[in-house]
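Good morning, colleagues. I should like to take you through one strand and one histidine in the structure now coming up on the screen.

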Amino acid sequence: NEGSLIDENTQAAEQDVVFGSTKFGSYKITSGIVRVSHELIQDSGVNVAQVVGDLLGTRIGRALNRYHTSGTGTNQFQGAAAAAVVGVTGATLGAITYDEVVDLQHSVDPAYRNGAVFVMHDTTVAALKKLKDGDGRPLWASGITEGEPGTLLGHRIIVNQHMPVLGTAGAKSVLFGDASKFRIRDVSDIQIVRADERYFEYGQSAFVAWYRGDSRMIDAGTNPLKAFRNKTA
C-alpha cells in the first residue's frame, strides 16, 4: 500500500487495508522416556535427576531446532527454510561464490534488510571464509578478531547445524532476511516429569520431557526471508 498526492482542500479518497491471518497450531514433542535405577540416584555423587533433566531439555531443544528449520508446516511445525522463497540458485554444486551471496542479499526487499541475518551450517561459514579475490586475499574481513562476532556483508551470521550443507543437491543451504517475521508459539515451557511408581518392580524411576508449540512465517507475499538453493545435480 502506498499513499497518494492530493491538492489543498481536496477530500482524501478511501483506501481500504486488507488483513490476512496466519493460524498457529500446537504440536507435541517428547524427549522419550529415560529409566534410571534407584541405586544410581542414591549412590551418585551428583544430582542425577538434575543431570537427566538437563539432557532431556537438550533433546527437546535439538528437535525444536530441526523442526523450526526444516519442518514442512503440514501436520507439524513450519520451518524457516521450508517457508523461505528461493532468491538465488547456485551455479556449482557444493560451492557458493561471493557474487551469489551478494545476489541473495539484494534479492530481499530493502525494507527487510535492516537487522537482517544470514543462517547457514557451520561448514558453509567455513567455505565463505575461504573465498579469495583475484590477488589471493580473503574476502572475509569481519569476525577475525577473537571475541568479535562474525558478520557477512554487514549482517550477523547465525550458525544452524540443521541447515543443509552445500553439497546437498537442490537444498536451501543459506537463508537471508528479517528473522523477526518467523514467529514461534510456545504453548508452555518444557515440562519434565518424574515417575517413581511405573517401574517400581525394577527399582527404577522414569523421566520424560514434553513440549507443545508451533512456528510459522508471517508473510504478506513480500518474502521477508529468501534462500540460496544449491544447484540440482
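Let me begin with a pair of residues: R35 stands opposite A206 in β10. R35 belongs to a strand, β2 (residues 34-37), which pairs with β10 in the antiparallel sense over 4 bridges.

A word on the basis of this. The model is predicted: local features need pLDDT of at least 70, side-chain atom pairs count only at pLDDT 80 or more, and totals for chains, interfaces and linings use all residues. Residues are numbered from 1 along each chain as its sequence is written, and side-chain values use heavy atoms, with hydrogens and water left out. Helices (H or I, at least four residues) and strands (E, at least two) are DSSP runs, numbered from the N terminus; two strands pair if DSSP finds at least two bridges between them.

Which other strands pair with β10? Strand β1 (residues 27-30) does so in the antiparallel sense over 4 bridges, with K28 opposite R212. Strand β8 (residues 182-186) runs antiparallel to β10 and is joined to it by 5 bridges; there, R183 faces R216. Strand β9 (residues 191-195) is likewise antiparallel to β10, over 5 bridges, and R194 has F207 as its bridge partner.

Of the 14 residues in β10 (residues 204-217), 12 are buried, meaning under 20% relative accessible area with a 1.4 Å probe, protein chains only.

Finally, H68, which lies in helix α2 (residues 48-70). Is H68 buried or exposed? H68 counts as buried because its relative accessible area is 13%. Beyond its neighbours within four places in sequence, H68 has contacts (heavy atoms within 4.5 Å) that include F77, F182, I184 and S215.

Conventions
Buried < 20%, exposed > 50% of the residue type's maximum accessible area, 1.4 Å probe, protein only.
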